[in-house]
Structures are given as C-alpha cells and as structure tokens.
Amino acid sequence: MSDDRVPVLIVGGSLVGLSTALFLAGEKIPCLLVERHPGTSVHPRAVGYYPRTLEILRAAGLEETVLQAAAGFKDHTLRAGLESLTGQVFWSRDELAGGDELDDLTPSRMVLLPQDRLEPLLRSRAELLGARTSYGTELVSFEADASGVTSVLRDRADGTERTVRSDYLVGADGPRSLVRETLGVPRHGRGVISHQLSMAFTAHMREALDGRRFSVAHVQNDEVTGILVHDDTLTEGTLVVAYNPAEGDSLDDFTDERCVHLVRAAIGVPDLEVRIRSRFPWEMAEFASEEYRRGRIFLAGDAAHVIPPTGGYGSNTGIADAHNLAWKLASVIRGTAGAGLLDSYDAERRPLGDFVANQGALELAVRSNTATDEQRAQIADPLSVTMGYRYVSDAVLTGSGDEAAEPPAVVDPRTTGGRPGTRAPHLLVESQGKEISTLDLFGGGFTLLAGEDADPWSESAGSAAEQLGIRLTVHRTGGSRGQVLHPVTGDFTEAYGIGPQGAVLVRPDGFVAWRSHGAAAGPADELGTVLRRLLARDS
C-alpha cells in the first residue's frame with residue numbers, strides 16, 4: 001500500500017517540471033512535484049523566452065508578473081563580440097530592441113529573465129493554485145502497471161523512503177533523466193558537442209559596461225574565451241567557458257582563484273573584486289528521444305530533447321511540452337477524454353522536438369563558422385520555429401476544404417491562416433467593452449469562434465458540449481447575438497480562413513483543432529462527431 005496517492009507525479013522541479021505543475025493546477029488536477037535539490041535553481045542558467053512562451057504564461061495568469069520581474073532587462077538588447085567589457089569591440093548588433101513590429105502577431109514579447117528568478121514565480125503560482133511540491137526529494141525507482149505507477153521517493157536530508165501511487169508520471173528530470181534511462185528509451189542526434197562550465201559571480205560592472213546593456217557578450221582574449229551575461233543590477237553575471245576532459249581538463253581545475261581570474265579577464269579589470277556564487281557544469285549536446293510516452297509515463301523538456309543553447313530554444317520548447325501535455329492529462333483524468341488522447345502528445349511534440357534540436361545544432365554551426373551553405377539554408381527564423389509549427393495527430397481534424405497537413409515544417413506564423421494544427425491567430429477584438437486578444441479567449445476548455453452569419457454553429461455548440469460533459473465557450477465574430485467580438489485590428493474570417501457562415505474550434509492550448517469554412521446540414525451532429533474524435537471518445 002502506498003504512503004501517498006496523487007493523479008500526477010512530476011519528477012524534476014526546474015522550469016519544465018514547475019510549468020507542468022502550474023498548468024495541471026490551473027486545470028484543477030492535483031499533482032505532486034518532487035525535486036532532488038533543496039529548492040529552485042540558484043544558478044541563472046536559461047535567460048531568454050520567446051513571445052509564444054509569454055503567451056502560454058499569459059494564459060496561466062503569470063505574464064504580467066514575469067514582465068514586472070523582467071522590466072530591468074528591457075534595455076539588455078546588445079549582442080557583441082569583444083576583447084572584454086573594457087576592451088576592443090569586434091562586432092555588435094542590437095537584436096532584441098523594439099518589438100512593435102510584432103503587434104499584428106502577438107500581444108506578448110520576448111523577455112530576458114534569469115532562470116533563478118523565473119522558477120520561484122512558477123513555483124509560487126503553481127502552489128497557489130494547489131500543486132504540491134517536495135524539494136530535497138529524489139526518485140529512487142518506479143514501476144508502472146495497467147492502472148498506474150508506483151514510485152519510491154527518498155528524502156535526501158534523512159534518507160527516509162516513501163511510496164507514491166499515481167495515475168501518471170511525468171519525467172521532467174533533465175538531460176540525464178532517471179525516468180528515461182529506467183525506461184530504456186533510446187536517443188539519437190549529434191550527441192555531446194562540448195563540455196561547458198557556467199560560473200555565476202558577483203562583481204560591480206557598471207563602470208566597465210559604460211552605459212551599455214548586453215543580452216550576450218562573446219568574449220575572446222589571451223586569458224579567456226567564453227560567453228558573458230550580466231543582470232539588471234549590474235552586480236551579478238555569468239561567465240560560460242568550455243573545457244575538454246579528453247585533453248585532461250577537469251572541473252577540479254576551476255578553483256575559486258582561477259574562476260575569479262577568468263571573470264576579471266572577461267570584464268577587463270585585473271583587480272576587480274569578484275565573488276564566485278556557484279558553478280554549473282553542463283554538456284552542450286543534441287539529443288532527441290525516440291519516445292515521449294510509454295504507457296502512463298511521459299518525458300518532457302531536456303528529458304525528451306537536449307537542444308544546443310544557440311537560438312535559446314531549450315527552455316521554450318520544454319515549457320511548450322508541458323502546456324501541450326497538461327490539458328490532455330487533465331481531460332483524461334476528469335473522464336472527458338479517452339486515454340487515446342494522450343497518444344497525441346508524442347505525435348505532436350516529438351517531431352517538433354527533433355526539428356528544434358536540429359535547429360539549435362545548425363545555429364551552433366553558424367555561430368562557430370563551421371556551417372556549410374546547405375546547413376545555412378536549413379535555418380528557420382526563430383519566430384517560425386517557436387510559433388509557426390503545425391501539429392499532425394488524432395487531436396487535430398481537417399474540415400471540409402482543408403488540405404492534408406504536412407509536418408513538421410515551420411512557416412512564418414503570420415501565414416498559418418487558421419489551419420488545423422496551427423496556433424490560433426492573434427487579433428485585437430472588443431469584448432463586453434474591453435479590448436483583448438483573441439488568445440485571451442482560449443484555455444480551460446474548447447472554444448468555438450463562429451462567423452457573423454454562423455447561427456447554426458453557435459446555437460448547436462451548447463447541446464454538443466452538454467452531451468459530452470465538456471466545457472465549450474462560444475464567441476460570435478459579428479452580429480448582435482451571443483458573446484459578440486468586435487474586431488479592432490484585422491479581419492477574423494481572413495485570419496482564420498473561413499467564411500461568414502463558418503466556425504473554428506480551438507483547443508485549450510490555443511491550437512486550432514478543426515474548422516468549417518461554411519455552413520453544414522447538421523451542425524450539432526457534426527460538432528458532436530468532431531469533439532468525440534478529438535477527445536478519443538467512444539461515446
């Protein structure tokens with residue numbers, strides 16, 4: 001008999017595990033997160049988050065909090081190659097400034113916020129919504145059967161063990177995932193490319209920065225070659241350098257004295273007072289798991305895919321994994337979807353994980369000047385990588401007039417046109433006297449967006465949802481009946497690729513599940529059939 005019982009056990013309390021807990025708690029699904037470390041990350045690690053990630057956090061009620069926490073990084077837009085902060089500048093470009101050009105695409109923006117600042121925000125919000133967390137607790141073993149998973153957990157402080165019985169287990173436990181290794185899930189990819197050490201430090205850098213604010217500084221001089229980033233107080237930073245165990249390099253070589261010397265050389269002030277706060281060794285690698293689901297066990301984030309940090313895709317992709325998985329687990333646990341819905345997690349996220357891992361490796365080749373012309377031609381725009389992909393699974397249906405999907409190639413997200421399997425387009429609309437994004441309509445259930453002359457669709461939605469026991473919210477994009485959306489920018493029918501009598505069904509994760517370009521002879525029956533198929537329901 002187990003000591004504890006919970007619908008979902010999450011292993012790993014970093015960004016992806018915390019995001020999984022947040023999204024499940026938002027769906028009112030009890031979950032327990034266990035993390036072997038005593039608390040959230042003390043090391044900055046990941047820093048940049050693309051607009052799609054902020055859209056996801058917006059839906060979870062956390063975007064404004066994140067934006068406030070990141071406000072001090074607003075002007076950190078300069079990427080440069082230099083001898084040191086006080087030395088010669090080899091090249092520079094302002095790559096994160098502005099953002100007004102995204103107004104037609106998204107209500108969100110890219111932000112910089114070190115991981116050690118973001119994780120506590122995710123944790124606080126998840127716990128507020130009801131998620132349980134247990135830090136200083138490690139997974140010892142687990143065993144799955146037809147009805148659930150039994151896991152053995154150990155308290156790292158006193159060594160006591162306990163068992164937890166869960167319906168499902170999510171392995172978000174990093175690149176050396178015990179969950180993945182226990183399952184024996186194989187990986188493919190380029191493997192380990194290099195060994196890196198991140199050194200978090202405290203030092204006064206205001207004078208050396210001389211009014212500049214860097215997103216990334218590529219430092220190269222006779223003493224050190226590496227990546228330097230700094231925070232908004234200009235007193236904390238991280239220096240990342242490579243080392244080579246094959247040539248006899250060891251982590252033991254990086255004493256406090258040596259680390260201080262390297263930081264001083266990167267900043268360019270030989271006698272600068274420096275304190276090393278933490279060291280974080282990691283492997284720059286490209287790995288893609290060949291399974292994201294095995295029965296009742298799922299892999300997410302680095303446990304599923306290890307992406308070279310060039311391009312900054314790793315954390316963003318992992319958070320999107322969690323977002324995709326959470327609503328599906330919630331639907332199955334509540335009994336509003338069949339277990340077959342969970343197959344769509346692997347079908348949708350694994351091809352994308354392969355693609356993004358390859359993109360990170362291609363970006364690395366370009367940055368290191370080793371890319372061929374063919375490799376350069378394969379690189380996609382970051383917004384396309386993070387927002388312009390298309391899912392193909394049984395949780396996406398093509399309607400009449402829709403072409404068959406072609407995964408997982410990505411396109412400019414402005415051109416997805418509301419196709420099934422793509423992110424639902426953003427438009428500014430007025431709803432009940434308030435200006436919002438169409439993205440604010442999604443989450444917590446399915447959403448039907450009906451054209452201004454689509455009375456049969458909007459009037460049939462309620463009965464279809466009631467028969468299935470699901471939440472389905474209906475919005476009209478014109479006319480005067482029901483919850484009417486008045487366009488502020490753009491044209492709804494053009495953006496979503498339907499006519500005035502058509503309708504679009506959007507999933508809880510904000511992806512188009514199905515659409516009809518026009519009217520149907522039996523809209524209630526068709527909606528019922530569509531929803532049953534999307535939710536893997538027999539009845």
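Biologist: Which residues line the second largest cavity?

Modeller: In this predicted model, the lining of the second largest cavity consists of Arg52, Ile56, Ala320, His323, Asn324, Arg349, Tyr389, Tyr391, Asp509 and Phe511. Two elements, H2 and H8, each give two or more residues to that lining. H8 contributes the most, with three residues.

Biologist: What is the volume of the second largest cavity, and how do its lining residues divide by class?

Modeller: The volume of the second largest cavity is about 50 Å³. Its lining has five nonpolar, two polar and three charged residues.

Biologist: How many cavities of 30 Å³ or more are there, and what is the volume of the largest?

Modeller: A cavity is a space where a 1.4 Å probe fits but cannot get out. The count here is three cavities of 30 Å³ or more, and the largest has a volume of about 90 Å³. The lining of the largest cavity is made up of Arg52, Thr53, Ile56, Asn316, Thr317, Ala320, Arg349, Leu352, Val356, Val385, Thr386 and Tyr389. H2, H8, helix H9 (343-367) and helix H11 (382-387) each give two or more residues to this lining. By class, the lining of the largest cavity has six nonpolar, four polar and two charged residues. Arg52 is listed in the lining of the largest cavity and also in that of the second largest cavity.

Biologist: Turning to pockets, which residues lie nearest the centre of the second largest pocket?

Modeller: A pocket, in contrast to a cavity, is an open set of points. Ala59, Ala60, Phe442, Gly443 and Gly444 lie nearest the centre of the second largest pocket, out of 26 lining residues. The space in this pocket is about 580 Å³.

Biologist: Which helices supply at least two residues of that pocket lining, and how is the lining divided by class?

Modeller: Helix H1 (15-26), helix H2 (51-59) and helix H8 (314-334) each supply at least two residues to the lining of the second largest pocket. H2 provides the largest share, five residues. The lining of this pocket comprises 11 nonpolar, five polar and 10 charged residues.

Biologist: How should the overall form of the protein chain be read?

Modeller: One begins with the elements: the protein chain has 14 helices and 25 strands. Its radius of gyration is 24 Å, close to the 24 Å given by the globule rule for 539 residues, so the protein chain is as compact as a globular protein of that length. Along the principal axes, its C-alpha atoms fill a box of roughly 80 × 55 × 45 Å. Of the 539 residues, 55% count as buried. Among contacts between residues at least 6 apart in sequence, 72% join residues at least 24 apart.

Biologist: Where is Ala265 placed, and is Ala265 buried or exposed?

Modeller: Ala265 lies in helix H7 (residues 256-267). Ala265 counts as buried because its relative accessibility is 16%, and buried means under 20%. Apart from neighbours within four places in sequence, Ala265 is in contact with Ser84, Asn221, Glu223 and Val224. The C-alpha atoms of Ala265 and Asp302 are separated by 32 Å, the two residues being 37 apart along the chain.

Biologist: How many disulfides does the count give?

Modeller: A disulfide is a covalent bond between the sulfur atoms of two cysteines. The count for this model comes to zero disulfides. As for the setting of two cysteines, Cys31 is buried, with a relative accessible area of 1%, and Cys259 is buried at 0% relative accessibility.

Key: Residues are numbered from 1 along each chain as its sequence is written. This is a predicted model: local features need pLDDT of at least 70, side-chain atom pairs count only at pLDDT 80 or more; totals for chains, interfaces and linings use all residues. Side-chain values use heavy atoms; hydrogens and water are left out. A disulfide is a pair of cysteine sulfur atoms within 2.5 Å. Buried means under 20% relative accessible area, exposed over 50%, partly exposed in between (1.4 Å probe, protein chains only). On a 1 Å grid over the protein atoms alone, a cavity is a set of points where a 1.4 Å probe fits but cannot get out, and a pocket is an open set with protein on both sides within 12 Å along at least five of seven lines; lining residues have an atom within 4 Å of a point. Grid points are joined across faces, edges and corners, and a volume is the space filled by probe spheres set on the points. Helices (H or I, at least four residues) and strands (E, at least two) are DSSP runs, numbered from the N terminus. Ala, Val, Leu, Ile, Met, Phe, Trp, Tyr, Cys and Pro count as nonpolar, Asp, Glu, Lys and Arg as charged, and the others, Gly among them, as polar. The radius of gyration is taken over C-alpha atoms; the globule rule is 2.2 Å times the number of residues to the power 0.38. Contact means heavy atoms within 4.5 Å.
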